[in-house]
Amino acid sequence: MATKKQKKALITGITGQDGGHLAEFLHQKGYQVFGIIRGQHNPKKEKFVAEFPYVNLIEADLTDQSSLINAMHISKPDEVYNLGAISHVGYSFKNPQLTADVTGRGVLYMLEAIRLTDPEKKVRFYQASTSEMFGGKDYNRPDKGYNENAIFHPRSPYGVAKLYGYWITKNYRESYGMFAVSGILFNHEGERRGTEFVTRKITKSVARIKLGLQDDIELGDLWPKRDWGYAGDYVDGMWRMLQQDKPDDYVLATGETHSIEDFLSVAFQEIGIDDWHPYVKQNPAFMRPAEVDVLLGDPSKAEKELGWKRKVDFRGLVKLMVKNDLAIESEKI
Ligand code: NAP
Ligand code: G4F
């Protein structure tokens, strides 16, 4: 009896939050997983190999075209997930050129690597696009939230670079008939979120305050609102996009929006503190030259066509992140 051929996936940004969730998800689905790791001596490599022994790591960089072609030759993937990026919005203001090179032009280099090595156009490509492309102002936000047809108005070098990635992906689909799609994902968080992002910064600090290891948290603006979901739910949506008959772009979101103050409130309640105000200091160093006010996504199309829906709600997300950080920080005592 013929056995079904094992599918192969190549993931850029494998050492990031989504890379970890996606590697785990695809491995459980029976894929052979390849991941691109950058740098002469990447400090994350040892920990990554210990957690994901089944991932085949390939040294490459999104700013180095030949390294990506080499990665295609080594992995011969059925699916490529381009998650690699300079992904921190605040950092992108301080490093705009690097952000353009990696987050913007890197998409072109990955698409070209596929085009040059896959003349039969069998490879399916996922681009990690973002709600930051919408900009979060009232004037372009439909009542139900941003959908796939909403007007873009990026408000950071990161958002602008991602918009290039979005359009070049669409352009390669239309020009060369490639199966190339964008997932326009709203904020998603979890146990693997980097501590430089506001949710994890809060949950780590809350855990440390509870354990007497820290007195307070320094944050920037507290009024912006985000549509926060759980990263584990979102990688399922990425995969679903590449299993469709036709390539298309989809928004993944929860359809709810909450301020940073809301997040603080739930996180502190988890450690038995009802009033978080005495524990939070505002520091202009964490404010941005231009802010994205309110992000709210409308995931109707993904729900209808992909059968995707987020499982973890806002309160569940905050709870699981605080619980995770309490466990990690307790071990340090
Ligand atoms: P993340 O944790 O910041 O991970 C970014 C990854 O990109 C890391 O593995 C990083 O490698 C890699 N990278 C950076 N520069 C690179 C380069 N020059 N060449 C190759 N790889 C490079 O991001 P994430 O939260 O997992 O997000 C995944 C993707 O989705 C990103 O493209 C992000 O912009 C996008 N996105 C995220 C969200 C969200 O809420 N999480 C929402 C919408 C879109 P190192 O570990 O070596 O630094
Ligand atoms: O956690 P953040 O840094 O995430 P942001 O800017 O929304 O970007 C994330 O989500 C995007 C999708 O919409 C992704 F494309 C992107 O790659 C990234 O994953 O900041 C959230 C909000 C902002 O309004 C920020 O100004 O929190 C505010 N904030 C307030 N104090 C802070 C802080 N953000 C950070 N990182 N650190 C602070 O101390």
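This passage describes the domains of the chain, the surroundings of ligand 2, and the strands and helix for which details are available in a predicted model.

The domain assignment divides the chain into domain 1, which covers residues 8–185, and domain 2, which is made up of the segments 198–224, 258–285 and 315–330. The C-alpha centres of domain 1 and domain 2 are separated by 30 Å. Residues from domain 1 and from domain 2 both contribute to the shell around ligand 2, and the ligand therefore lies between the two domains.

The surroundings of ligand 2 comprise 23 residues, of which the closest are Thr130, Ser131, Asn187, Arg288 and Glu291. When the residues of this shell are sorted by class, 9 are nonpolar, 6 are polar and 8 are charged. Several individual contacts to oxygen atoms of the ligand can be described. In the case of arginine 288, an N or O atom of the side chain is 2.6 Å from an oxygen atom of ligand 2, while a polar side-chain atom of tyrosine 158 lies 2.8 Å from an oxygen atom of the ligand. Valine 198 takes part through its backbone, with an N or O atom of that backbone lying 2.9 Å from an oxygen atom of ligand 2. On its own, ligand 2 has 710 Å² of accessible area, and the protein covers 96% of this area.

Within the chain, strand S6 spans residues 179–185, and 7 of its 7 residues are buried. The cover extends to both faces of the strand, with Phe179, Val181, Gly183 and Leu185 buried on one side, and Ala180, Ser182 and Ile184 buried on the other. Strand S6 is paired with strand S5, residues 124–130; the two strands run parallel and are joined by 7 bridges. One of the residues that can be followed across this pairing is phenylalanine 125, whose bridge partner in S6 is alanine 180, a residue that is itself among those buried in S6.

A further detail concerns helix H7, which is formed by residues 198–210 and includes threonine 203. Threonine 203 has a relative accessibility of 0%, and because a residue counts as buried when this value is under 20%, threonine 203 is classed as buried. The side chain of this threonine is joined to the side chain of aspartate 325 by a polar contact of 2.7 Å.

How values were computed
Residues are numbered from 1 along each chain as its sequence is written. Chains are lettered from A and ligands numbered from 1 in the order in which they are written. This is a predicted model: local features need pLDDT of at least 70, side-chain atom pairs count only at pLDDT 80 or more; totals for chains, interfaces and linings use all residues. Side-chain values use heavy atoms; hydrogens and water are left out. A residue is near a molecule or strand if one of its heavy atoms lies within 4 Å of it. A polar contact is a pair of N or O atoms within 3.5 Å; within protein, one must be able to donate a hydrogen and the other to accept it, and residues adjacent in sequence count only if both atoms are side-chain atoms. Accessible areas come from the Shrake-Rupley method with a 1.4 Å probe; for residues, only the protein chains shown count as cover. Ala, Val, Leu, Ile, Met, Phe, Trp, Tyr, Cys and Pro count as nonpolar, Asp, Glu, Lys and Arg as charged, and the others, Gly among them, as polar. Domain bounds come from an automatic or database domain assignment. Buried means under 20% relative accessible area, exposed over 50%, partly exposed in between (1.4 Å probe, protein chains only). Helices (H or I, at least four residues) and strands (E, at least two) are DSSP runs, numbered from the N terminus. Two strands pair if DSSP finds at least two bridges between them.
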